[in-house]
Amino acid sequence: MARVMVVDDDLTVREVVVTYLRAAGYDVAEAADGESALADLRETRADLVVLDLMLPGIDGLEVCRRIRAKGDDVPVIMLTALGAETDRVVGLEQGADDYVTKPFSPRELALRVGSVLRRVGERGAVTGRVCDGDLVVDAGQHVATLGGSRLSLTAREFDLLRFFLSHPGRAFSRDELLQRVWGWSFGDQSTVTVHVRRLREKVEQDPTHPVRLATVWGVGYRWEPAS
């Protein structure tokens, strides 16, 4: 049974989300603030975190940053205010894998949680290594290395990198990447843009002048295989 941590200071929202997730068959823990959530995660690992952006004390962005800073690749779905595009982008830049805007349907959130966990499970079932020069992605061990050094990647960054390496030289639009990596039939394309930027910071020698993960103007992105 997957363990989901729900972090929201609004008791009503938290109770509704917890009820829906438990009805969907998840083991659900809850926290009303960032400090309590981080303390719980230090004691017991979660399989996914539903994290409100606006929290008392340590806000959701800082909670997400601290989770990623300690190398934890647990998927994070961030709850953001409707229309707060800047907050969503910043959340993705801090390592969130997905987001849902408030007000939201609890059923929709439960389905999104299921979708993310399902893709994590599918990723775990994939084995084999994909190499491109000094870059190696081992799906079985869920490890990516560059020049022999291990890369610190979120679950979604790992999936995106493995996808690109598995399809070298082919251009993909952001819509195609949303469908094939995120499993979304629709969504905000800025999600892809932010993840590509974060990935470039980890695999490119000069992220401002990428040579491996290239932009194809008017189309999207293409992985340029090593010569």
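Here a biologist and a modeller talk through a predicted model.

Biologist: Let's start with α8. What makes it largely enclosed by the rest of the structure?

Modeller: Burial does. Buried means under 20% relative accessible area, and 10 of the 14 residues of α8 are buried, so the helix is largely enclosed by the rest of the structure. Among the buried ones are V192, V194, H195 and R198.

Biologist: And how do you know what span to expect for α8, residues 190–203?

Modeller: You take 1.5 Å times one less than the number of residues. For the 14 residues of α8 the expected value is 20 Å, and the helix reaches 20 Å from its first C-alpha to its last, close to that expectation.

Biologist: Why is α6 called roughly perpendicular to α8?

Modeller: The axes of α6 (residues 155–166) and α8 cross at roughly 80 degrees and come within 10 Å. Angles of 65 to 115 degrees count as roughly perpendicular, so α6 gets that label against α8.

Biologist: Which residues of α6 and α8 meet there?

Modeller: From α6 you have R156, E157, L160 and L161, and they meet H195, V196, R198, L199, K202 and V203 in α8. That contact divides into five nonpolar, one polar and four charged residues.

Biologist: On to the sheet. What makes β2 and β5 the edge strands?

Modeller: The open sheet has five strands in the order β2-β1-β3-β4-β5, with parallel pairing. β2 (27–31) and β5 each pair on one side only, and that puts them at the edges. Neighbouring strands in this sheet are turned by 20 degrees against each other on average, direction ignored.

Biologist: How do you know that β1 and β3 pair?

Modeller: Pairing takes at least two bridges, and four bridges join β1 (residues 3–7) to β3 (residues 48–52), so they qualify. In one of them, V6 has V50 as its partner in β3.

Biologist: What packs on the sheet, touching β1, β2 and β3?

Modeller: Helix α2, residues 34–43. Its direction makes about 160 degrees with that of β1. Angles over 145 count as roughly antiparallel, so α2 and β1 fall in that class.

Biologist: Now the loops. What is the omega of the peptide bond that joins K102 and P103?

Modeller: About -5 degrees, and the bond is cis. P103 lies in the loop between β5 (98–102) and α5 (106–125).

Biologist: And what stands out in the phi of H142?

Modeller: The angle is positive, about 55 degrees, although H142 is not a glycine. Look for H142 in the loop between β7 (135–138) and β8 (143–146).

How values were computed
Residues are numbered from 1 along each chain as its sequence is written. This is a predicted model: local features need pLDDT of at least 70, side-chain atom pairs count only at pLDDT 80 or more; totals for chains, interfaces and linings use all residues. Side-chain values use heavy atoms; hydrogens and water are left out. Helices (H or I, at least four residues) and strands (E, at least two) are DSSP runs, numbered from the N terminus. Buried means under 20% relative accessible area, exposed over 50%, partly exposed in between (1.4 Å probe, protein chains only). Axes are lines fitted to C-alpha atoms, for helices over the stretch in contact, and angles run from 0 to 180 degrees between N-to-C directions. Contact means heavy atoms within 4.5 Å. Angles under 35 degrees count as roughly parallel, over 145 as roughly antiparallel, 65 to 115 as roughly perpendicular and the rest as oblique. Ala, Val, Leu, Ile, Met, Phe, Trp, Tyr, Cys and Pro count as nonpolar, Asp, Glu, Lys and Arg as charged, and the others, Gly among them, as polar.
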